Amino acid sequence: MTAQSQRIGVLCLQGSFAEHITKLRGLGATVTEVRLPAHLDNIDALVIPGGESTTFLKLIDAFSMREPLHHAIAGGLPVLATCAGVVILATRISSHRMSPLALVDIAVSRNAFGRQVESFEEDLTIEGIPGPSFRGVFIRAPIIQSCGAATRVLARIHDGTIVACQQGRILATSFHPEFVPDLRVHEYFLRMADGAKGSARYQVK
Ligand code: GLN
């Protein structure tokens with residue numbers, strides 16, 4: 001199965017979904033805009049974009065998406081979560097009282113690099129992505145403070161802070177690969193999703 005025939009859902013409730021859609025279409029995937037539970041049917045993988053995680057979670061509940069998302073992802077649906085998406089999937093948010101989906105065994109601290117003006121970029125080495133460094137764009141990004149035993153660290157910034165990890169078929173980056181021309185994180189995600197085909201039950205119904 002090639003990227004041409006992959007059906008990728010993008011959670012379009014809020015945030016940087018348009019940038020993800022452009023990248024995925026550029027790589028030949030067929031994109032489904034996910035706004036309602038039924039949109040999770042017949043997708044091979046899902047992107048949860050960056051944005052504002054408290055607003056995201058409110059909208060997830062308002063559109064009755066919490067249980068269907070949990071069911072699909074816990075059932076093996078591959079996911080790329082970026083920035084606020086990482087907060088949404090975490091098991092623990094140390095900095096705020098929130099109820100995330102608790103699907104990735106990580107502790108995160110929101111907005112931990114400071115205010116919007118403290119946003120920054122850094123060249124990253126990402127495990128599984130060979131070649132030149134990847135430009136990491138951090139916009140009021142969360143810090144991944146710790147990862148559970150089943151979660152692999154894929155990238156850190158200069159001071160050792162974890163900024164990318166993978167648990168099974170869930171790829172989480174506290175930076176925004178959707179905001180740089182480099183396609184390699186999305187390519188990695190599509191390869192990961194392709195590898196999951198047939199090996200997992202991730203159909204919602
Ligand atoms: N600060 C946001 C939050 O925690 C995330 C920012 C982003 O996705 N760029 O919700």
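How many bridges join strand 7 to strand 8, and do the two run parallel or antiparallel? This is a predicted model, and in it 5 bridges connect strand 7 with strand 8. The two strands run antiparallel. Start here, then work outwards to the salt bridges, a loop residue and the ligand.

Take strand 8 by itself. Of its 5 residues, 4 are buried, so the rest of the structure largely encloses this strand. Arg135 belongs to strand 8 (residues 134–138). Its relative accessible area is 36%. Buried would require under 20% and exposed over 50%, so Arg135 counts as partly exposed.

Now look across from Arg135. Asp123 stands opposite Arg135. Arg135 also has a salt-bridge partner in Glu121, with 2.9 Å between the closest N and O atoms. Glu121 sits in strand 7 (residues 120–124) and Arg135 in strand 8, so this pair ties together parts that lie 14 residues apart in sequence. Glu121 is partly exposed too, at 45% relative accessible area. The salt bridges here share partners: Glu121, Asp123 and Arg135 are joined into one network.

In a regular strand, side chains alternate between the two faces of the sheet. Keep that in mind when viewing this pair of strands.

Next, follow the chain into the loop between strand 7 and strand 8, where Glu127 lies. Which residue does Glu127 form a salt bridge with? The partner is Arg152, and the closest N and O atoms are 3.1 Å apart. Arg152 is in strand 10 (residues 152–156) and Glu127 is in the loop, so the salt bridge ties together parts 25 residues apart in sequence. Both ends are partly exposed: Glu127 has a relative accessible area of 41%, and Arg152 has 39%.

A further salt bridge joins Arg92 and Asp105. Their closest N and O atoms are 3.2 Å apart. Arg92 is in strand 5 (residues 90–93) and Asp105 in strand 6 (residues 104–109). The two residues are 13 apart, and the pair links distant parts of the chain. Arg92 is partly exposed at 41% relative accessibility. Asp105 is partly exposed as well, at 30%. The model has 9 salt bridges by the 4 Å rule.

Asp105 also leads to Thr151. Thr151 lies in the loop between strand 9 (143–147) and strand 10. Is Thr151 buried or exposed? Its relative accessibility is 8%; the limit for buried is under 20%, so Thr151 counts as buried. Leaving out residues up to four places away in sequence, Thr151 touches Val104, Asp105 and Ile106. It also touches Cys165, Gln166 and Gln167.

Turn now to the ligand. Which residues are around it? They include Gly50, Gly51, Glu52 and Ser53, along with Cys83 and Ala84. Arg110, Asn111, Ile139, Arg140 and His176 are also among them. Three of the polar approaches can be traced atom by atom. A polar backbone atom of Ser53 is 2.5 Å from a ligand oxygen. A backbone N or O atom of Ala84 is 3.0 Å from an oxygen atom of the ligand. Arg110 uses its side chain: one of its N or O atoms is 2.7 Å from a ligand oxygen. Taken alone, the ligand exposes 300 Å², and the protein buries 94% of that.

Ser53 deserves a second look. It is found in helix 2 (residues 53–62). At 3% relative accessibility, Ser53 counts as buried. Its side chain makes a polar contact of 3.1 Å with the side chain of Arg110. Ser53 is also in contact with Ala84, neighbours within four places in sequence being set aside. So Ala84 and Arg110 appear both around the ligand and among the contacts of Ser53, whose relative accessibility of 3% makes it buried. Val87, Ile88 and Met98 are further contacts of Ser53.

Finish at helix 5 (residues 184–196), which holds Glu187. Glu187 is partly exposed, with a relative accessible area of 32%. How far apart in space are Glu187 and Leu40? Their C-alpha atoms are 21 Å apart, and 147 residues separate the two in sequence.

Notes
Residues are numbered from 1 along each chain as its sequence is written. This is a predicted model: local features need pLDDT of at least 70, side-chain atom pairs count only at pLDDT 80 or more; totals for chains, interfaces and linings use all residues. Side-chain values use heavy atoms; hydrogens and water are left out. A salt bridge is a side-chain nitrogen of Lys or Arg within 4 Å of a carboxyl oxygen of Asp or Glu. Buried means under 20% relative accessible area, exposed over 50%, partly exposed in between (1.4 Å probe, protein chains only). Contact means heavy atoms within 4.5 Å. A residue is near a molecule or strand if one of its heavy atoms lies within 4 Å of it. A polar contact is a pair of N or O atoms within 3.5 Å; within protein, one must be able to donate a hydrogen and the other to accept it, and residues adjacent in sequence count only if both atoms are side-chain atoms. Accessible areas come from the Shrake-Rupley method with a 1.4 Å probe; for residues, only the protein chains shown count as cover. Two strands pair if DSSP finds at least two bridges between them.
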